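Student: I have a chain in front of me and would like to learn how to read its fold. Where do I begin?

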Amino acid sequence: DASLRIQPLPREPHLEVKVLIYRAAQEALSNLARHARATRVDAALEARDDCAILTIRDDGVGFDVAGLLDGPASVASGIGLRSIREQAAALGGRLQIQSGPAGTRLVVSVPFS
């Protein structure tokens with residue numbers, strides 16, 4: 001099962017912001033399909049405090065966020081989420097991930113400009 005909720009945004013985000021949101025959604029859904037064993041995913045795009053916010057939640061098995069993001073970088077452990085985190089920071093935003101046996105919640109927030 002899946003749901004998608006997209007709120008109208010108050011203005012057009014810069015191209016770099018749009019690309020980041022697209023890539024973050026792509027990476028999250030790709031990881032979910034490959035690893036999560038989830039039966040439900042909910043995705044939302046909204047505006048809050050002059051930021052575009054993408055939230056993706058699933059009910060999968062979860063993963064070790066600190067081990068992935070803070071451990072040594074390698075192709076085997078994946079570089080996609082690290083790249084999303086770095087791109088968000090470069091645009092003044094951030095990537096937050098909470099994960100455990102009840103699922104994963106990924107939030108990317110980035111200023112419109």
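Tutor: Begin with pairing: two strands pair if DSSP finds at least two bridges between them. The model here is predicted. In this model, strand 4 and strand 5 run antiparallel and are joined by seven bridges. One opposite pair is Gln96 and Val107, the latter in strand 5.

Student: How many residues lie in the hairpin that joins strand 4 to strand 5?

Tutor: Two residues make that connection.

Student: In what order do the five strands form the sheet?

Tutor: The order is 1-2-3-5-4, in an open sheet with mixed pairing. Strand 1 and strand 4 (94–100) are the edges; each has a single partner strand, so one side of each has no neighbour in the sheet. On average, neighbouring strands are turned by 10 degrees against each other, direction ignored.

Student: In which sense do strand 3 and strand 5 pair?

Tutor: Strand 3 (residues 51–58) and strand 5 (residues 103–111) are antiparallel, with eight bridges between them. Leu54 has Val108 in strand 5 as its bridge partner.

Student: Which strands does helix 1 touch where it packs on the sheet?

Tutor: Helix 1 touches strand 2, strand 3 and strand 5, and its direction makes about 5 degrees with that of strand 3. Helix 3 (residues 80–90) also packs on the sheet, touching strand 4 and strand 5. The direction of helix 3 makes about 145 degrees with that of strand 4.

Student: Now the other edge. In which sense do strand 1 and strand 2 pair?

Tutor: Strand 1 and strand 2 (residues 41–48) are parallel, paired over five bridges. Ala2 is opposite Val41 in strand 2. Between these strands the chain passes through helix 1 (residues 15–36), and the resulting β-α-β crossover is left-handed.

Student: How many of the five residues of strand 1 are buried?

Tutor: Buried means under 20% relative accessible area. The count for strand 1 (residues 2–6) is zero, so this strand lies largely in the open.

Student: What should I look for in the interior?

Tutor: In soluble globular proteins, nonpolar side chains tend to be buried together. In this model the largest nonpolar core has 25 residues, and Ile21, Leu54, Ile97, Leu106 and Val108 touch the most other members. At least two residues of this core come from each of helix 1, strand 2, strand 3, helix 2 (65–70), helix 3, strand 4 and strand 5. Helix 1 gives the most, seven residues.

Student: Which residues is Val108 in contact with, leaving aside its neighbours within four places in sequence?

Tutor: The contacts of Val108 include Leu20, Ile21 and Ala24. Among them, too, are Ala52, Ile53 and Leu54, along with Ile84, Arg94 and Leu95.

Student: What about the backbone in the loops?

Tutor: Look for a positive phi at a residue that is not a glycine. Arg37 has one, at about 55 degrees, and sits in the loop between helix 1 and strand 2. Asp50 has one as well, at about 60 degrees, in the loop between strand 2 and strand 3.

Student: Why does Arg37 count as exposed?

Tutor: Exposed means over 50% relative accessible area. Arg37 has 68% relative accessibility, so it counts as exposed. Asp50, at 41%, counts as partly exposed.

Notes. Residues are numbered from 1 along each chain as its sequence is written. This is a predicted model: local features need pLDDT of at least 70, side-chain atom pairs count only at pLDDT 80 or more; totals for chains, interfaces and linings use all residues. Side-chain values use heavy atoms; hydrogens and water are left out. Buried means under 20% relative accessible area, exposed over 50%, partly exposed in between (1.4 Å probe, protein chains only). Helices (H or I, at least four residues) and strands (E, at least two) are DSSP runs, numbered from the N terminus. A crossover is right-handed if, with the strands pointing away from the viewer, the path from the first strand over the helix to the second runs clockwise. Axes are lines fitted to C-alpha atoms, for helices over the stretch in contact, and angles run from 0 to 180 degrees between N-to-C directions. Contact means heavy atoms within 4.5 Å. A nonpolar core is a set of buried Ala, Val, Leu, Ile, Met, Phe, Trp, Tyr and Cys residues joined through side-chain atoms within 4.5 Å.
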